[in-house]
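Let's take a walk through a protein model together. Keep the picture open and turn it around as you read.

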Amino acid sequence: MASDTSSPAAAAQEDLPPAADRRGRRTTGPNRFSTVLRRNRVLLLVAAVAVVGLVGGLLLGRFAFGAPEAAAVPEAGLVTVPVEFGELSNDVTIRGEVAYSDSVEVRIDTAAISGPAVVTGRVPAVGDELTGLSTALEVAGRPVLVLPGELPAYRTLQVGVSGPDVVQFKQALRAVGLDGGNPDGAGGDVFDTRAAGAVTALYQQAGYPAPAAQEGADEAVRAAQDGVRAAEATLSAARTDLGLARGGPDAVAVREADNAVNSARRELESAQAQDPVDANLVADLTDALGLAQLRRTQLDRPADTTAQSAAVTAAQQALRDARDALAAARDRALPSLPAGEVLYLADLPRRVDAVTATRGSVLDGPAMTVSGAALAVSGSAAEADARLLAVGGEAFFDLPDGTQHRAVISTLAPGEAGASRWTVSLTPDPLSPEQVTGLQGSNLRVSIPVGATQGPVLSVPLAALSAGTGGDSRVEVVDGDPREGRDAGTRLVVVQTGLAADGAVEVRALEGELAEGDLVVVGR
């Protein structure tokens, strides 16, 4: 029986997708195309109507209004910028931290204190200033005096010691108006009696008694004085003996010797006058006369004072030794300067930033932190930028109220261990207390000019420069309307270049004319 294509089954069959053949391949060819046409006939009909309408509209417009002329493509114009007139400056810009300069921890040497190092008196407050002759702290009833210097105190200065710390002490005394001796001349590095005397004046200025002498020093002085008196008495007795020895026999001894000679002579003469002469008696009396004469002669000879002279020499040496001992004892009794009672600080005055010591506590570790009394700005710069800077160069930053403030580069320090960034320290010009309060602890943008023109100059963008055949620099100046493109008239001006900054360069016309506002070509 023939199948009826108009049956519902046939209609459903038409809506099925293309069938697969027995090998699983989708069918193609006229059957598939006819199926697509049947399923999309409405859509195709609408598309055909739209195409016909579009073509008809175009034809109608062409016949009604005529064919439009081809649109003209505008020609590209010149890219220009005006010549500027004003000052140019090339700046290095860094970020800077604002703080008080040269912050250091203060430690007090308490090794010489026999008992606990208790803070008993003066304790500074944050913000106080330490100057020469200030009392930084009071420990165990004794002051810690501030003096200018860089070398820390490391030993007690007493008469007889020498070294660079003695030179620094004398220089510090000179700086605060006291005389401890000449630190530059001969013996300038010796702590002598003059320097010891200045210690007393130093403590008088601070309102404290000078450091006490070493224990037993006064007793040693008194004992040395007794030794000197005893040596002086011994020397006096020795000199008396020597004087007596050198003075010869007294008159009585001389008279006795003369009488003995005369008596011996009379006895001899009497024996010789007897008859008969007793030869033996005469001989004995002759010998007796000779002995008496010899004794008298010896009285006229200089006395032997060797022993007395030696006694005098020994007594003189003993006296010298006694006097040296007295001088040494007196030196030990003179004031000394304990290492724990002096604090050397460079660049006075100094500001107290923090205090860790408290009254009544035992001092252990840093007592306080001090810094320079003036604000400083510290930042860093890349090595290439830092090499453009110089100590003493100017820098500028903005104050909290927006006004610009000047600073001076104080130090430039290369990075440690080959680091590429350098440390830049700056000292601002004087600031008011309000400005100091507003700036402290802030981070600033600092501009440091490294080159500037002397007054206003003409400048153009770097892109406006071109090189001539001879290697000279030139700019192309537009005389007409740059919108006319290549039809705009231009001329070349040979220029001499100067400072370059922020993409602009200073120019001065060498051949041709160039003025503010002239348009120069930077692109096409």
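We'll start with how confident the prediction is, then go through the sheets, a few odd spots in the loops, and the empty spaces.

First things first: what you're looking at is a predicted model. So how sure is the predictor? On average the chain has a pLDDT of 84, and 84% of the residues score at least 70. Not every stretch does that well, though. Residues 1-52 have a pLDDT below 50, and this stretch makes 18 contacts in the model beyond near neighbours in sequence. Residues 67-71 also stay under 50, and here the model has 1 contact beyond four places in sequence. Take the drawn path of those two stretches with a pinch of salt.

Now for the sheets. As a bit of background, strands of a sheet pair through backbone hydrogen bonds, either parallel or antiparallel. Look for an open sheet of 4 strands, which come in the order E4-E10-E9-E5. Its pairing is antiparallel. Which strands stand at the edges? They are E4, at residues 104-106, and E5, at residues 129-130. Each of these has a single partner strand, so one side of each is left without a neighbour in the sheet. You can follow E5 across to its partner: 2 bridges join E5 to E9, residues 350-355, and the two run antiparallel. To find the spot on screen, look for Leu130, which stands opposite Arg350 in E9.

Next up is another open sheet, this one made of 3 strands in the order E6-E7-E8. Here the pairing is mixed. The edges belong to E6 (135-139) and E8 (342-345), each of which pairs on one side only. Ignoring direction, neighbouring strands in this sheet are turned by 25° against each other on average. E6 and E7 pair in the antiparallel sense, over 4 bridges. If you want a landmark for that pairing, Val139 stands opposite Arg142 in E7. There's a helix to spot here as well: H4, residues 164-175, packs on the sheet and touches E7 and E8. The direction of H4 makes about 85° with that of E7.

Let's move on to the loops. Between E8 and E9 there is a loop that holds Asp347, and Pro349 has its place in the loop between E8 and E9 too. Asp347 has a positive phi of about 55° although it is not a glycine. A little further along, the peptide bond from Leu348 to Pro349 is cis, with omega near 0°. Where else can you find a cis peptide bond? Try the one from Asp275 to Pro276, which also has omega near 0°. Pro276 lies in the loop between helix H7 (251-273) and helix H8 (279-300).

Finally, the empty spaces. Rolling a probe the size of a water molecule over the atoms shows where empty space is left. The largest pocket holds about 550 Å³ of space. It is lined by 25 residues, and those nearest its centre are Ala112, Arg142, Pro211, Pro338 and Glu341. You've already met Arg142, the residue across from Val139. Which elements each supply at least two residues of this lining? They are strand E7 (142-148) and helix H9 (306-333), and E7 gives the largest share, 3 residues. By class, the pocket lining has 13 nonpolar, 7 polar and 5 charged residues.

There's also 1 cavity of 30 Å³ or more. About 50 Å³ of space lies in the largest cavity. Its lining is made up of Ala153, Tyr154, Arg155, Leu157, Asp165, Leu337, Val342 and Tyr344. Sorted by class, that gives 6 nonpolar, no polar and 2 charged residues.

How values were computed: Residues numbered from 1 in each chain as written. Predicted model: local features only at pLDDT ≥ 70, side-chain atom pairs only at ≥ 80, totals over all residues. Heavy atoms only, no water. 1 Å grid on protein atoms, 1.4 Å probe; cavity = no way out; pocket = protein on both sides within 12 Å on 5 of 7 lines; lining within 4 Å. Points joined across faces, edges and corners; volume = space filled by probe spheres on them. Nonpolar A, V, L, I, M, F, W, Y, C, P; charged D, E, K, R; others polar. Pairing = 2+ DSSP bridges. pLDDT = per-residue confidence, 0-100. Contact = heavy atoms within 4.5 Å. Axes fitted to C-alpha atoms, helices over the stretch in contact; angles between N-to-C directions.
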